[in-house]
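Thanks for asking me to look this over. Here are my notes, set out as numbered points so that you can follow them with the model open.

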Amino acid sequence: MRGVQRQWKTRAALVVGTAYLVALAVVAGTFVLWWDRLPDPMASHFAGSGEADGFAGRAVLLGTAVPLLLLMGGMFAAMVGAPRTVEPAARLLVAAGAATAGLLGAVITSVTAANLDLAQAQDAALGLRDLVTAIATAGAAGALSWWIVGSVPEGELPGPESGPGAAPAVAAVPLAEGEVVVWSRRVGSRAMVVVAVLTLLTALFLAHLGLWVGAVLMFLAALPVAALARLTVTVDRRGLRVAPAGLRAPAKLVELPEVETAGVRKVNAFHEFGGWGYRVRPGTTGVVMRSGEALCVRLRSGREFVVVVGDARQAAETLNALVERRRGEDE
């Protein structure tokens, strides 16, 4: 089973890496073939109307595009090879990486073509056709990579070690009368940080070209990913709180009266929840930053709330102790 997954991840990294190498070949190839037919400086930034309003030297543009494509290609290849499981979110990541390669390659090539054979770079312009071409290229690259990389047969995939609600409750930590106890730990996702950085870089690049609609959309997409990349998990007299690191307002609060009991179990992020972040599935809600040991809270409503966090057993012991104390006070 592990051998099959290693083969899939190798194939996935090759597919997404190839997408960026193709984009790089097209971008660098057009620059080399058209070098003597391009003005210097070239139009590098375009207003909302499509007219050029910013300029840079040919070597500067080429020296910016090549490292950008190499960096993003390397990051996406590393990301698709990193997850412990491969379905379904890793396959989507492959398609997203290839689509981004297609988008960037098409946009940079359109900018180069807009400067071709111009006596003055001020005459360069981008039109609706260039935008449609970029979107179509991104869609085709994403769909083709999705088809090429394929999926691992269902029987080959590892399942979660236990299903929702199967986590046995752990013993409550003993509390003296009037004793105050607080448990807190931070949890983060390197993958989500990388995704946020890549999205922001793409937004900045699109903004540099004057494609403001795409830049704003990419920036807005990066904000929630960046906010959820680092979280603080706290257990105290109010219950269980999960909030973006550095922010007081909780992203999720489970109050003590809502808790039936708390336990610990292993969680497989991709196979069980389909990816990272705030996840919802029948009977279970989860804040899943990675696969691993999770604090599992059985709610009185019958649902389960899951947080993948280090030292989850101590968190469950603390939460159970606080729940038992509250019940004793209510009796």
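The points below go through an aromatic pair, the nonpolar cores, one helix and a charge over a ring.

1. Please keep in mind that this is a predicted model. Everything that follows should be read in that light.

2. Let's begin with the aromatic rings. Searching the whole structure turns up one aromatic pair. Its partners are Tyr20 and Phe76, which are stacked, with 6.1 Å from centre to centre and 20 degrees between the planes. The two come from distant parts of the chain, 56 residues apart: Tyr20 belongs to helix α1 (residues 2-34) and Phe76 to helix α2 (residues 58-81).

3. Are these two rings buried or exposed? Tyr20 has a relative accessible area of 3%, so it is buried. Phe76 is buried as well, at 7% relative accessibility.

4. Both residues turn up again in the largest nonpolar core, which has 35 residues. The members that touch the most others are Tyr20, Leu69, Met72, Phe76 and Val94. Helices α1, α2, α3 (89-114), α4 and α5 (190-208) each supply at least two residues, and the largest share, 10 residues, comes from α1.

5. What is Phe76 in contact with, once its neighbours within four places in sequence are left aside? The list is Val16, Tyr20, Leu93, Ala96, Gly97, Thr100 and Leu198.

6. There is also another core, apart from the largest one, with 32 residues. Leu240, Val259, Met289 and Ala315 are among them.

7. Helix α4 (residues 128-149) is worth a look of its own. Its 22 residues reach 32 Å from the first C-alpha to the last, close to the 32 Å expected at 1.5 Å a residue. Ala134, Ala138, Gly142, Ser145 and Val149 are buried in this helix. Viewed down the axis of α4, the buried residues fall within an arc of 70 degrees, so they line one face of the helix. As a reminder, an α-helix has 3.6 residues a turn, so residues three or four places apart point the same way. On the other side of α4, Leu128, Arg129 and Trp147 are exposed.

8. And what comes right after α4? The helix is followed by Gly150, which has a positive phi, near 65 degrees.

9. One last spot to inspect is the ring of Phe305. Lys252 lies over its face, at 5.5 Å from the ring centre.

Conventions: Residues numbered from 1 in each chain as written. Predicted model: local features only at pLDDT ≥ 70, side-chain atom pairs only at ≥ 80, totals over all residues. Heavy atoms only, no water. Phe/Tyr/Trp six-rings, centres within 6.5 Å; stacked < 30°, edge-to-face > 60°. Helix = DSSP H or I, 4+ residues; strand = E, 2+ residues; numbered from the N terminus. Buried < 20%, exposed > 50% of the residue type's maximum accessible area, 1.4 Å probe, protein only. Lys NZ or Arg CZ within 6 Å of the ring centre and 35° of its normal. Expected span 1.5 Å × (residues − 1). Arc of directions from axis to C-beta. Core = buried A, V, L, I, M, F, W, Y, C linked by side-chain atoms within 4.5 Å. Contact = heavy atoms within 4.5 Å.
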